[in-house]
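Me: Could you take a close look at one part of this model for me, the small open sheet, and tell me what lies across it? After that, a quick tour of some helix packing and a salt bridge would be great.

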Amino acid sequence: MKRTLGTCYYPEHWPREIWAEDARRMAEAGLTWVRIGEFAWSRLEPAPGAYDFDWLDEAIAVLGAAGLKVVLGTPTATPPRWMIDRHADMLAVDVEGRPRKFGSRRHYCFSHEGYKAECAQIVTRLAERYGRNPHVAAWQTDNEYGCHDTTISYSDAARQAFRGWLRARYPGQGNDGDIEALNTAWGNVFWSMDYDSFDQVDLPNLTVTEPNPSHVLDFHRFSSDQVVAFNRLQVDIIRAHSEAPIAHNYMGRITDFDHYAVGADLDIASWDSYPLGFLEDRVPATTDQQRDYARQGDPDFQAFHHDLYRAVGRGRWWVMEQQPGPVNWAPYNPAPLPGMVRLWSWEAFAHGAEAVCYFRWRQAPMAQEQMHAGLLRPDGSEAAGLDEARQVATEIAEAPDVSPTQAPVALIFDYDAEWAWRVQPHGRGLSYFELVFDTYRALRKAGLSVDILPPDAGQLEGYALVVAPGLMHMPEALKAALAQTSAVVMMGPRSGARDATMRIPVPLPPAMPGLDVTVRHVESLRPDTPVALPAGGHVRSYRDVIDGSAEVIERAEDGLPAIVAQGHLMYLAGWLDPVAMGRAVRMACERAGLATRDLPGGLRCRETGAETFWFNHDTRAHEIDGNTFAPLSVTRIPKP
C-alpha cells in the first residue's frame with residue numbers, strides 16, 4: 001500500500017501572493033495532498049445565488065501546478081450568515097430547547113429541508129465545476145459530523161421528521177403507520193403514555209422525569225439516519241459528476257451516529273487525530289495516566305480509532321487531520337514531545353492508513369483557532385512539527401509499503417449498543433464506549449493486534465478470538481454467528497440484555513445458544529465498593545448476577561460467578577478492572593492458542609504482513625523479546 005502525507009490549507013485566509021510559495025514549500029516537504037474548501041461557503045456564495053469560484057479556480061490551479069493533489073471539501077458545516085436570514089428555523093435546538101446560534105460552525109439541523117436544498121445546490125455547483133478537474137483527486141463531505149454535540153436536534157424540523165420516520169418504522173395500512181404497533185413496542189401502557197396518532201408523538205426532552213427509554217432509543221436511531229441521509233445527498237451529487245473517491249472526516253469518540261452506515265456510501269473513512277487534546281477531554285484515563293502521557297497522548301486511543309475507521313472504510317482510511325503541535329480547544333494544551341508527530345504518523349500507517357494529513361499548514365492569526373499550531377507559524381516561519389513531517393516523508397519514500405494482514409483478534413463495536421447504554425446506563429458515568437475501550441486496552445497490553453468489526457459483520461473466519469463486550473441487543477443472526485464460529489468468543493456483561501425495542505427479552509438474557517447462563521439480576525456498583533476477585537483485581541461499575549451450568553472459571557470473594565465458560569464461549573459477569581480484565585484476556589487467548597505478552601507502560605506493537613511495528617510512548621526505554629526500544633520511538637522489525 002502506497003503511503004502519502006498531506007496538509008489542510010485555507011487559501012481564502014491568505015493573500016494570493018503567497019499561495020504559490022506555500023504550494024512550493026508543501027511539495028518540497030514531501031506532501032502529496034492538500035485539503036481545501038470545507039469552511040469557505042461565504043466566499044463561494046457571498047450572497048444567495050451569487051457565486052464566486054474564481055479564487056478557488058486559481059487556488060486549485062496553483063496547488064496542482066506544484067504537483068499537489070487536492071481534496072475538495074463541501075462547505076456545508078459552515079452556512080453563511082445570510083442563510084440564517086433565509087431559513088431562520090434551520091438552527092439546531094439543544095436538549096433544553098435553546099437554538100444553537102450563528103457565530104461559530106455546525107449551526108444547522110440535519111432535518112431541515114430548506115437547508116438540505118441549499119446544501120444540494122452548493123454541492124452541485126462544486127461538483128459540476130470541479131468534478132473533472134485533474135487536480136481534484138478526492139472529495140470530503142461536510143466536516144466532522146457530530147462535533148460539538150450537533151447530531152441530535154430538538155427542533156420543529158426534527159419533530160416533524162421524527163414522526164415521519166416512526167410511521168415508516170411502524171408501518172400499517174397505507175402511509176399512516178400503525179400507532180398501536182408503536183405503543184406496543186414502546187410499552188406505552190406504562191404510565192398511560194399511549195398515543196392515538198403519530199402527530200401526538202413529541203421529542204424525548206423536557207419531560208418531568210426520564211422519558212421512555214424505547215422512545216429515546218428510537219430518537220437516537222432516527223437522528224443517526226438523518227446524518228446518513230444528509231451525507232448520502234451530497235455523495236450522490238458528487239458521484240454524478242466525479243469519479244474521484246469521497247471521504248468524510250470523523251472524530252474521536254463521537255458516537256451519536258452510526259459511522260458504519262455513513263461509511264457505506266463513501267470510498268474512504270478518515271478521522272481527525274488529536275492525541276493530546278483527546279487525552280484531556282475524551283480518553284477514559286486516570287489523572288495519573290493523563291499526567292504521564294500529557295505530551296504523548298494515550299497509547300491506545302489513537303490506535304482504537306485507527307482500527308475502528310479501517311472497519312468503517314472497509315479497508316480504506318486516512319487521517320485527515322493530524323495534530324502537529326499544541327491545540328486550542330482542550331482543558332489544557334501542551335506541546336507534544338519531540339518525536340511524537342513522527343510516532344503518531346507511523347502508528348497510523350502501521351494500522352493501514354493510506355494518508356496522514358497535518359492540520360494545518362499555516363497557523364491562523366485570527367478567530368477561534370489562532371492558538372492551534374500548524375506546520376508553519378502565522379508569519380510563515382517553520383513550526384516544530386514540519387521537521388518531523390519531512391522526516392516521515394523521507395522515510396516513507398525509502399521504506400517498503402505496509403502490507404495489511406488480518407489480525408488474530410476481532411472486537412465487535414456497535415453504535416446501537418452505545419445508544420442503549422446511554423439511554424439506560426444503570427449507574428452514573430457508565431459507558432459502553434469505555435467498556436469496549438477498557439477491553440481493547442487489555443488486548444493491546446497483551447501484545448495483540450486487533451480488527452474492529454461491525455455487529456453485522458457475519459464473517460468471523462480466520463479469527464482465533466472474538467470479543468463482544470456489552471452488546472445490549474444481539475440479533476439472532478449475530479448470536480448464531482458467535483455460536484457457530486470456531487473462534488473463542490468472550491462476551492458480557494449486559495450481552496443481549498434488551499431486544500430491539502429496549503424491552504427485557506424472554507428467555508432472559510443473554511439467551512446465547514451453547515451457553516447455559518441466565519442473568520438473575522443486575523446491579524451497578526459505587527466507585528468505592530468494587531467486589532474483589534481472589535486471583536487479583538475487582539469487578540467494578542456493573543455486575544450481572546448469573547445462574548446456569550456453565551463452568552465457573554473465577555468467582556468473586558462473595559462467591560458469585562465472575563467469569564464462566566462453556567465450550568468456546570466465555571461470559572464476563574461484570575465490568576472487570578484492568579488487573580482482572582488482563583487476566584481474562586490471557587485466559588481467552590490461552591483457550592484460543594494465542595501467545596500473549598505483558599507489555600510494560602506505553603509500549604505497544606502492531607503486526608503487519610511483513611513486519612512488526614513497535615511504538616514506545618514512554619519517556620524511558622523498554623526491553624522485551626531481546627530488543628530495546630528507545631523512548632518515544634518507532635521500531636520496525638521485519639518478519640523472518
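Reply: Here's the sheet, followed by two helix pairs and a salt bridge.

Keep in mind that this is a predicted model. The sheet is an open one built from three strands, in the order β20-β21-β24, and the pairing is antiparallel. Its edges are β20, covering 603–607, and β24, covering 633–638, each of which pairs on one side only. On average, neighbouring strands here are turned by 20° against each other, ignoring direction. If you zoom in on β21 (residues 611–616), you'll see that β21 and β24 pair through six bridges, in the antiparallel sense. For a landmark there, pick Phe613, which stands opposite Arg636 in β24.

So what lies across the strands? That's helix α13, residues 340–350, which lies across β20, β21 and β24. The helix runs at about 145° to β21.

Now for the helix pairs. Take α3 (residues 54–65) and α5 (residues 113–130): their axes come within 12 Å and cross at roughly 45°. The two helices are therefore oblique to each other, and α3 passes α5 in a right-handed crossing. On the α3 side, the residues in play are Asp54, Leu56, Asp57 and Ile60, and they meet Leu126, Arg129 and Tyr130 of α5. Sorted by class, that contact has four nonpolar and three charged residues, with no polar ones.

The other pair is α8 (residues 213–239) with α15 (residues 415–423), packed at an angle of about 140° with axes 10 Å apart. The crossing of α8 and α15 is right-handed. Here α8 brings Pro213, Val216, Leu217, His220, Arg221 and Ser224, and these meet Asp416, Trp419, Ala420, Arg422 and Val423 in α15. By class, the contact of α8 with α15 has six nonpolar, two polar and three charged residues.

Last stop, the salt bridges. A search of the whole structure turns up 52 of them. One to pull up on screen joins the side chains of Arg35 and Glu321, at 2.8 Å from N to O. Arg35 sits in strand β2 (residues 33–36) and Glu321 in strand β7 (residues 317–322), so this pair ties together parts that are 286 residues apart in sequence.

Methods:
Residues are numbered from 1 along each chain as its sequence is written. This is a predicted model: local features need pLDDT of at least 70, side-chain atom pairs count only at pLDDT 80 or more; totals for chains, interfaces and linings use all residues. Side-chain values use heavy atoms; hydrogens and water are left out. Two strands pair if DSSP finds at least two bridges between them. Helices (H or I, at least four residues) and strands (E, at least two) are DSSP runs, numbered from the N terminus. Axes are lines fitted to C-alpha atoms, for helices over the stretch in contact, and angles run from 0 to 180 degrees between N-to-C directions. Contact means heavy atoms within 4.5 Å. Angles under 35 degrees count as roughly parallel, over 145 as roughly antiparallel, 65 to 115 as roughly perpendicular and the rest as oblique. A crossing is left-handed if the near helix is turned anticlockwise from the far one by less than a right angle, and right-handed if clockwise. Ala, Val, Leu, Ile, Met, Phe, Trp, Tyr, Cys and Pro count as nonpolar, Asp, Glu, Lys and Arg as charged, and the others, Gly among them, as polar. A salt bridge is a side-chain nitrogen of Lys or Arg within 4 Å of a carboxyl oxygen of Asp or Glu.
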